[in-house]
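The following exercises concern one residue and one helix. Each task is followed by a solution in steps.

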Amino acid sequence: HIKMKKILSIIVLGLIITSKGMAYEEAKYEVLKKNEIFEIRKYSDRLAIETEISNQGSSFRKLFNYISGNNEDNEKIKMTTPVTQVEKKGSMTMQFYLPSRFNKDNIPNPSNPDIKILNIKGGYYAVITYSGRTSDKNFIKHKDILEDELKKDDILILSPPVKATYDGPFTLPIRRRNEVMFEINIKDKGEI
C-alpha cells in the first residue's frame, strides 16, 4: 500500500514537471563564448532553495513542497529551471532557483528546517549540454569531457561540478536537456 502511494506520488511529480502547458522561467545568463563542445556563460546572482540529498525523491519532494505552499506564507511559487545538484562540504545538495520576482525581503521562509534559502553569487560558468538519462554515469562522462577541454584551454576551475537538469523524468531521454557546469576564473583571460 505504501509502495503504491510512493509510486503514485513519483508519477504525479513527473507529470507536474513534464506538463508542457507550463513554460518555466529559466535562470538568466549571457553566453560570452561558444565552441562545438562547451560555452561560457555569465550568470547574475540568483536566489535558490536548497536541501541536502538523502535520496533523490525525498530531496526533490521537500523542495517541491516548499514551492507548493509549504512555507510560512503558504505561498505557491512557480517552478523554474534548472534543478541543480552540487557537492558542498562532503555531501550532495539539491537546489531549485526561485523566480526573479523574489528577493531576500519578499521570499517566504521555509516551514521545513531542512530547507535553506541562499543567494548563489553570479559568476562565469563553463557549461556542456547533453541529452539522455540523468544517471551518474552520463553526468561523469560529460564532466570529464568538460574538465579536459578546460584544462586544454588553460581555464581555471573554481567549483565542484554542478549537475543541472531541465526536464522531468517522463521526458524521453533523447529530448532531455542536461548540463554539467563549472564555475571558472576568466578575470585574467584576454580572449573573452
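**Exercise 1.** Determine the contacts and the burial of Asn 178.

*Solution.* Step 1. Beyond its neighbours within four places in sequence, Asn 178 is in contact (heavy atoms within 4.5 Å) with Ile 128, Thr 129, Tyr 130, Ser 131, Gly 132, Arg 133, Thr 134, Ala 164 and Thr 165. The model is predicted: local features need pLDDT of at least 70, side-chain atom pairs count only at pLDDT 80 or more, and totals for chains, interfaces and linings use all residues. Residues are numbered from 1 along each chain as its sequence is written, and side-chain values use heavy atoms, with hydrogens and water left out.

Step 2. A polar atom of the Asn 178 side chain lies 2.9 Å from the backbone oxygen of Gly 132.

Step 3. Asn 178 counts as buried because its relative accessibility is 1%; buried means under 20% relative accessible area, exposed over 50%, and partly exposed in between (1.4 Å probe, protein chains only).

**Exercise 2.** Which residues of helix α3 are buried, and how are they arranged?

*Solution.* Step 1. Asn 138, Phe 139, His 142, Lys 143, Leu 146, Glu 149 and Leu 150 are buried in α3.

Step 2. Viewed down the axis of α3, these buried residues fall within an arc of 130° (taken from the directions from the helix axis to the C-beta atoms), so they line one face of the helix.

Step 3. On the other side of α3, Asp 136, Lys 137, Lys 151 and Lys 152 are exposed.

Step 4. The buried residues of α3 pack against β9 (123–130), β10 (156–157), β11 (162–165) and β12.

Notes: Polar contact = N/O pair within 3.5 Å; in protein donor to acceptor, adjacent residues only side chain to side chain. Helix = DSSP H or I, 4+ residues; strand = E, 2+ residues; numbered from the N terminus.
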